[in-house]
Each structure stands twice: as structure tokens, then as C-alpha cells.
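Keep the structure open beside this text. We start with a sheet, move to a pair of helices, and finish in a loop.

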Amino acid sequence: MLKESKGIRLEHISKIYQDPKTGKDFKAVDDANLVIEPGSFVTLLGPSGCGKTTTLRMIAGFESPDEGEIYLGDQPINELTPNKRDTAMVFQSYALFPHYNVFDNVAYGLKLRKLDKKVIHDKVMEILDLVELSGMEGRMTNQLSGGQQQRVALARALVVEPSVLLFDEPLSNLDAKLRVSMRTEIRNIQQRVGITAVYVTHDQSEAMALSDQIIIMNKGVVSQIGTPQEIYYHPADEFVADFIGEANFLRGRLVQKDGEKGVLSIDNHDVEVDDIGSFEVGSDCTVVLRPEAAVLAPEGQLPCKVVMSCFMGEYQNYHVMAGDTLVKITDFNPKHKRIYRVGEEAFVRFDTCDVHII
Ligand SMILES: Nc1ncnc2c1ncn2[C@@H]1O[C@H](COP(=O)(O)OP(=O)(O)OP(=O)(O)O)[C@@H](O)[C@H]1O
């Protein structure tokens, strides 16, 4: 149904704004280099103000970069206006026309292109079928639920057959349950039509559920690009580790190295790790230990004392002190396990392959 999807490339893209308080210039996006493969679903993720919307708006053409070049396929697009870019945007606010019914909202872009009436009718009906709104074409938009309005917005973007779909936090006005079902629907539709999608969110679970690749941004800078698994298991730095899921940070020093394996001294205890990366003996490093990768046991790597023990149903939630470091542990399916109480002494235990060193 759609044209061939295209990839996007950002080369050394920066956007400078003036801080309204200080009057000083700052880089809202700072030297971003991105390659988005055709047909992939890519999410820009990061805390408020990190520059994700600005990046998306530069791809759409609503903002122009101060430095660098943006390519759609092989074509440089910096100089093209939004309507010449072959991209379509789905907004957080839906941005539907309240005085048009569903059909006319979806048909709008096609009428602008002066397509034949019958062609418009067929295309609109086909897209409404795709977003499961068949039969609702005569309704006014104020007679639709939030989820249905967002589907109209999605249909309106898809019907003009863009090469790239851009989403600016499209689900943030919906309640939590609907957000989860709509994100699955968006992903299904994107995969069915094979279109390239760039999606802005600050919700990490949304990013994990939707994406082929996640781009993590922090203060205007791209911190890491990777699959959800790469980002979760091999975060580039503490910011990424902390932003995606929960993480414990154990400070240590590399005291022994044998190929990829190594031994760290953490709080005067020797801790073996499987992949020491490029660190050399004597360097300070930080172990990223996910709470679900650790358990409490009578023996293990680090002696500790339990300071919180909470039954949460599907898991037992522990906070323990290992020396001066607070370690959070999520022990799943605790029904038949020994439960440690506050004040008890134990060991933090983990598999040597389950930690990541930064
Ligand atoms: N037109 C503008 N003029 C000046 N500063 C701006 C302008 N637009 C955005 N900014 C600033 O640029 C920075 C990046 O904004 P941006 O909207 O890209 O962030 P974001 O990551 O999308 O945040 P959020 O999740 O809150 O939408 C912020 O500090 C913001 O205040």
C-alpha cells in the first residue's frame, strides 16, 4: 500500500536556542549523529528537556538545524519545507479538525493533493480499516474516545503514504491501560506497512516495547544508540543505566586481568567478572548490577546486612547495605525461598556474567 520506506541520517546536527532567563545561547541538540534504517522503529528517549522533540521537529522540518545536514534516503532535506519532506507527524494533541468528521479529517491531505474523488474514498476506507475505525467515518471527532482520536490522527498521517512516520509523544494523553494497548497497535501497524518510524517518548517501558533501536539523549547529547537489550544489558554510562530500569552501582578497582575476565576489589572483597572490557589493572571502574540479577544467599560475593525486606507478591524486594553501598535486590517468585528479614546478615550473590562494567 505504501511507497518504499526510507532511512534517515543526521550528520553533526546541532540546534542552538537562547535561554529566555539568561539570554545566553545553548545547544538544545549538540552534534547528533544518527543513522535510522529504512523500515525500523526508532525511539528518541530521555528526560524532559534533553532535546528529543527538537530532534524530531528538525527531521519534520518545523525547526532548522544550525549545524549539520539531515538526509532522507540519500537526499539532503535541510532546505525542504515540511510538506515537501515525505514525512508525516502524529502529535500528542492529535491536532484533528473539530469541524470535520472522521472521513474528512483523514481525507484532508489527499484533497490538498487534488486526487480523484473515488481514489480518495478508496484510500481513506482502506486506512480506516487498517486502524480499525471502519464504520466510524461519519462521526465528528468530539464523538470519539481519546484512543479513537489518536487512531484518526494515525490514519491521517498514513493515508498520504509518507516514507517516514514521526510520533511526538502520541499516547501521553491516554490513560495507562489504553497507552499499553495503543502502543501494541502502533507497532503492529508500523510492521504491517513496513514504514520507518521515529517516536519521541520519556516513558522507558514504551520505548522498550516499541523499538528496534533506542536513542538515549541527555542534555542535548546522544548518550547511546542500541537495541533495547543492548541498552539494558550494556549501558554506555551511569546515566543510561539509571534511566533504563533500576541499577546498582558498585565501585571497585581492577586488580587482576586475564583476557576478558578480571577480578575487581570491591570494598576489599575480590569479585570476579567475565567481561572487563578495555579496562586495565589499577583502573577504577563501576559494576552495574541489575536488582533482578542479584539474590541474597548464605554465601556470595559481598557480605551485607538487610535494611528493608518487602513482600510484593511476584517478588521479594530487598535493600541491603554492602559496606557503605546500598544494594537493591528483586528476588522473583519468592514463595518457596528463604526470606531474609531486616537486620539479618547475608551475602549478595550474582553470576559473573550478569554484571556490566563501566
Ligand atoms: N523555541 C525554543 N526557544 C528556546 N528554547 C527552547 C525552544 N524549544 C525548546 N527549547 C529548549 O530546548 C531544550 C530541549 O527541548 P525539547 O523540547 O527538545 O526537549 P524534550 O527532550 O523533548 O523535552 P520534553 O520531554 O519535556 O518534551 C529545553 O531546554 C527547552 O526548554
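Two strands count as paired here if DSSP finds at least two bridges between them. The model is a predicted one. With that rule, six strands form an open sheet in the order S6-S7-S8-S3-S9-S10. The pairing within this sheet is mixed. Strand S6 (87-90) and strand S10 (221-226) stand at the edges. Each has a single partner strand, so one side of each is left without a neighbour in the sheet. From one strand to the next, the twist averages 20°.

Now look at strand S3, residues 41-45. In the strand order, S3 sits between S8 and S9. Strands of a sheet pair through backbone hydrogen bonds, either parallel or antiparallel. On one side, S3 pairs with strand S8 (residues 196-201) in the parallel sense, over five bridges. To find the register, start at Phe-41, which stands opposite Ala-197 in S8. S3 also pairs with strand S9 (residues 213-218), again in the parallel sense, over four bridges. Here Leu-45 is a useful marker: its bridge partner in S9 is Ile-216.

Step on from S9 to S10. These two strands run antiparallel and are joined by five bridges. Ile-215 stands opposite Ile-225 in S10.

Is S3 buried or exposed? Five of its five residues are buried, so the strand is mostly covered. In a regular strand the side chains alternate between the two faces of the sheet. On one side of S3 are Phe-41, Thr-43 and Leu-45. On the other are Val-42 and Leu-44. All of these residues are buried, and both faces of S3 are covered. For comparison with the whole chain, 37% of the 358 residues of the protein count as buried.

Next, the helices. Two packed helices are described by the angle between their axes and the distance between the axes. Take helix H4 (residues 146-159) and helix H5 (residues 176-193). Their axes come within 11 Å and cross at roughly 20°. Angles under 35 degrees count as roughly parallel, and H4 and H5 are therefore roughly parallel to each other. H4 passes H5 in a right-handed crossing.

Which residues make the contact between H4 and H5? From H4 come Gly-146, Gly-147, Gln-150, Leu-154 and Leu-158. H5 supplies Leu-178, Met-182, Ile-186 and Val-193. By class, the contact has six nonpolar and three polar residues, with no charged ones.

Now turn to the loop between strand S15 (294-297) and strand S16 (302-311), where Pro-298 is found. Why does Pro-298 count as exposed? The cut-off for exposed is 12 or fewer C-beta neighbours. Pro-298 has 10 inside 10 Å, so this residue counts as exposed. Set aside its neighbours within four places in sequence, and Pro-298 is in contact with Ala-346 and Phe-347. Val-180 lies 118 residues away from Pro-298 along the chain, and their C-alpha atoms are separated by 40 Å.

Finally, step back to the whole protein. Its secondary structure comes to eight helices and 20 strands. The C-alpha trace spans about 75 × 45 × 45 Å along its principal axes. Among contacts between residues at least 6 apart in sequence, 66% join residues at least 24 apart.

Note on methods:
Residues numbered from 1 in each chain as written. Predicted model: local features only at pLDDT ≥ 70, side-chain atom pairs only at ≥ 80, totals over all residues. Axes fitted to C-alpha atoms, helices over the stretch in contact; angles between N-to-C directions. Parallel < 35°, antiparallel > 145°, perpendicular 65-115°, else oblique. Left-handed = near helix turned anticlockwise from the far one by under 90°. Contact = placed C-beta atoms within 7 Å. Nonpolar A, V, L, I, M, F, W, Y, C, P; charged D, E, K, R; others polar. Buried ≥ 20, exposed ≤ 12 C-beta atoms within 10 Å, placed from the backbone.
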